[in-house]
Amino acid sequence: MSFLRSSSDRRKSASKATRSAVHGGGKSKIVVNQRLQLNPDKNHQPESYEDLKSNHFGPWIFQELEKHLPSNMLDVSREKKVKYMRGILNEYLSPAESFRSQKQKEFRQKIISNYPPLYKELYTMDPTAFFVPDFLRAINDNTEESFRRIMSEPAPGIFAFEMLQPRFCELLMSEFDNFERWVHDQKVRVMRPNTMNQYGAVLDDFGFQTMLAKLMEDFICPLSEVFYAEIGGANLDSHHGFIVEYGNNRDVDLGLHVDDAEVTLNVCLGTQFSGGDLFFRGMRCEKHVNTESRPEEVFDYSHFPGQAVLHHGRHRHGARATISGHRVNLLLWCRSSVYREIRKYQKGFCSWCGECKREKEERMHLLINNTKLDLSMREGEPTV
């Protein structure tokens, strides 16, 4: 499910992005090695991009990305900033993805202008109605200690906690059912969430974009800034939110995969079901995504309604067969354009990839043995 390309492709595109043209005085000046800054300039007030028309990227992406611009670009005109940032962002869209994105935008506009919501209160963030009190208190305290009080970490990098009110889960599932009936009656073909799920819908397509953006910015970012800082957790700036269904006459299971996300939120909404356990098989970079799992990376988890699971998007996972009943899940893929841009310039060892760590350990072990052998030979001692 990842749309990141090969390392060589990213290096080529990076060289283009770092030579973006900045126009001034009627002439083009080529800016060399203009890389995004890893840490945002917290004292910089970004421009407003609410009026910006973009087929693929929301205004909040440009506002967040502006904080990471090279220092000598912070004071140039908005037009020049937009051109530079679009050059970076567009590198992530292949022609096929660009076509799909445009089709999805047209589909979304058609749906939102015609679909009558069943529960309008769901479309505006209402924390006290959406979240359980313990989760809200932890977010308001905003410390690692407060987060860990409500969480378990059943496996490294996988966090489980109660998040959503039962009533909210019921209403969201009813809204989704209402949307499914409406598109059926209107003979509208639904664009499914991804290439693996044949049932479900993208929540942004029928009006949830603003609410999900608030969910990510105000409630997931504080968590990811603490637990996933090394993968852009502090700089999440876009999302893909959707509902999936499993059971009779629905998807049955989901094969091993990685998400097109830096951080993934997976919440079980309901209802009554058996089976459907999540399984995890270790974090992997693009180079090692198909390598074998080690015993310590094998982990299975039983999901239940209202329970959230937060994990690294590159943590390989899937879902076992739902044997009976009907299982509905809310997924929010959270992405960081800043992290993806910076990754272009990172080579070699990936700190979170299990296979990269194993290879590094083997190289270190070999180096130590060779060093011992060399010292032993210098001292004239017999080798073992």
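Guide: pLDDT is the predictor's confidence in each residue, from 0 to 100. The model above is predicted, with residues numbered from 1 along each chain as its sequence is written, and its local features need pLDDT of at least 70. Side-chain atom pairs count only at pLDDT 80 or more, totals for chains, interfaces and linings use all residues, and side-chain values use heavy atoms, leaving out hydrogens and water.

Visitor: Good to know! Over which residues does pLDDT stay under 50?

Guide: For the chain, the mean pLDDT is 84, and 86% of the residues reach 70 or more. One stretch stays under 50, although the model has 61 contacts (heavy atoms within 4.5 Å) for it beyond four places in sequence. Where pLDDT is low, the predicted coordinates should not be read in detail. That stretch is residues 1-33.

Visitor: How many residues of strand E6 are buried?

Guide: E6 (strands, E, at least two residues, and helices, H or I, at least four, are DSSP runs numbered from the N terminus) spans residues 238-247. Ser238, His240, Phe242, Val244 and Tyr246 point one way from E6, while His239, Gly241, Ile243, Glu245 and Gly247 point the other. Both sets are buried (under 20% relative accessible area; exposed is over 50%, partly exposed in between; 1.4 Å probe, protein chains only). The count for E6 is 10 of 10.

Visitor: Which residue of E14 is the bridge partner of phenylalanine 242?

Guide: E6 and strand E14 (residues 322-335) pair in the antiparallel sense over 10 bridges; pairing needs at least two DSSP bridges between the strands. Phenylalanine 242 lies on the E6 side, and its partner in E14 is leucine 331.

Visitor: And which residue of E6 is the bridge partner of alanine 201?

Guide: This takes us to strand E5, residues 200-202, which runs antiparallel to E6 and is joined to it by three bridges. In E6, the partner of alanine 201 is isoleucine 243.

Visitor: How many salt bridges does a search of the whole structure find?

Guide: A salt bridge here is a side-chain nitrogen of Lys or Arg within 4 Å of a carboxyl oxygen of Asp or Glu. Asp260, Glu262, Arg335 and Arg340 are linked in a network of them. Over the whole structure, the search gives 23.

Visitor: How many residues apart in sequence are the parts tied together by aspartate 51 and arginine 78?

Guide: Their side chains meet in a salt bridge at 2.9 Å, N to O. Aspartate 51 sits in the loop between strand E2 (27-30) and helix H2 (59-66) and arginine 78 in helix H3 (residues 78-89), so the pair ties together parts separated in sequence. Aspartate 51 is exposed at 54% relative accessible area, whereas arginine 78 is partly exposed at 25%. The separation is 27 residues.

Visitor: Is glutamate 66 buried or exposed?

Guide: Glutamate 66 forms a salt bridge with lysine 81, the closest N and O atoms being 3.0 Å apart. This pair links helix H2, home of glutamate 66, to helix H3, home of lysine 81, across 15 residues. Lysine 81 has a relative accessible area of 2% and is buried. With 0% relative accessibility, glutamate 66 is buried.

Visitor: What relative accessible area does arginine 358 have?

Guide: The side chain of arginine 358 meets that of glutamate 355 in a salt bridge of 2.4 Å, N to O. Because the two are three residues apart in helix H11, about one helical turn separates them. Glutamate 355 is buried at 8%, while arginine 358 is partly exposed, at 22%.
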